[in-house]
Amino acid sequence: MTMFQLFQILQLILGAMMWTLIGQGLLALLLRERRHENSIYKVMGWVTWPARALARALTPRVVVDEHIPLLAFLLIIMVRVGLYMWFYAQGWIPTIDVAAP
């Protein structure tokens, strides 16, 4: 496996988790208090658990639990951008070279 393939796999996993957090947030807005009874919401919670646990571990206890999914979302975005910058700086992401005519 090349480093670019590893980059793509990591971005795919983080992207799926990011979009699942967005979907879970929209579902929470639609269902309000009944969201914990919904099985789709529970599956989304299982998928996003690692990001939410990491965000909870990195934030102080004064941050309320309702804000943790938003912080997890921002954390995922920062990790995705950081991964891109790191892989690009190492030269592991191929570039398109356009030859001058």
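User: Which residues is leucine 83 in contact with, leaving aside its neighbours within four places in sequence?

Analyst: With those neighbours left aside, leucine 83 is in contact with Phe7, Leu10, Gln11 and Leu14, where contact means heavy atoms within 4.5 Å. Please keep in mind that this is a predicted model, in which local features need pLDDT of at least 70 and side-chain atom pairs count only at pLDDT 80 or more, while totals for chains, interfaces and linings use all residues. Residues are numbered from 1 along each chain as its sequence is written, and side-chain values use heavy atoms, with hydrogens and water left out.

User: OK, and what is the secondary structure of the chain?

Analyst: The protein chain has three helices and zero strands, and read along the sequence it follows the pattern α-α-α. Helices (H or I, at least four residues) and strands (E, at least two) are DSSP runs, numbered from the N terminus.

User: Back to Leu83: which residues of the largest nonpolar core touch the most other members?

Analyst: That core has 13 residues, and Phe7, Ala51, Ala72, Ile76, Leu83 and Phe87 are the ones that touch the most other members. Helix 1 (3-31), helix 2 (39-58) and helix 3 (68-89) are the elements that give two or more residues to this core. A nonpolar core is a set of buried Ala, Val, Leu, Ile, Met, Phe, Trp, Tyr and Cys residues joined through side-chain atoms within 4.5 Å, and buried means under 20% relative accessible area, exposed over 50%, and partly exposed in between (1.4 Å probe, protein chains only).

User: Is Ala51 buried or exposed, and what is it in contact with?

Analyst: Alanine 51, which lies in helix 2, counts as buried because its relative accessibility is 8%. Leaving aside its neighbours within four places in sequence, alanine 51 is in contact with Met17, Ala72 and Ile76.

User: Which residues are in the other core?

Analyst: Apart from the largest core lies another of five residues, among them Leu27, Leu31, Tyr41 and Met44. Leucine 27 has its place in helix 1 and, at 18% relative accessibility, counts as buried. Not counting residues up to four places away in sequence, leucine 27 touches Asn38, Ile40, Tyr41 and Met44. The C-alpha atoms of leucine 27 and isoleucine 76, which are 49 residues apart along the chain, are separated by 20 Å.

User: What does threonine 20 touch?

Analyst: Threonine 20, also a residue found in helix 1, touches Met44, Val47 and Thr48 when residues up to four places away in sequence are not counted. Threonine 20 is buried, with a relative accessible area of 17%.

User: Switching to the outside, which residues form the nonpolar patch on the surface?

Analyst: The patch is formed by Leu70, Leu74, Ile77, Val81, Tyr84, Met85 and Tyr88, which together have about 670 Å² of accessible area. Patches are made of residues with over 30% relative accessible area and no salt bridge, with like charges joined within 9 Å and nonpolar side chains (Val, Leu, Ile, Met, Phe, Trp, Tyr) within 5 Å. Accessible areas come from the Shrake-Rupley method with a 1.4 Å probe, and for residues only the protein chains shown count as cover. Leucine 70 is found in helix 3 and counts as exposed, at 52% relative accessibility.

User: How many salt bridges are there, and which residues form a salt bridge?

Analyst: The count comes to one salt bridge, taken as a side-chain nitrogen of Lys or Arg within 4 Å of a carboxyl oxygen of Asp or Glu. Arginine 56 forms it with aspartate 65, the closest N and O atoms being 2.5 Å apart. Arginine 56 is buried, with a relative accessible area of 14%, whereas aspartate 65 is exposed, with a relative accessible area of 55%.

User: What is phi of arginine 32, and where is that residue?

Analyst: Phi of arginine 32 is near 55°, a positive value in a residue other than glycine. Most residues other than glycine have a negative phi. Arginine 32 has its place in the loop between helix 1 and helix 2 and is exposed, with a relative accessible area of 54%.

User: Last one: what is the radius of gyration of the chain?

Analyst: The protein chain has 17 Å, whereas a compact globule of 101 residues would have a radius of gyration near 13 Å. The radius is taken over C-alpha atoms, and the globule rule is 2.2 Å times the number of residues to the power 0.38. Along the principal axes, the C-alpha atoms fill a box of roughly 60 × 30 × 25 Å.
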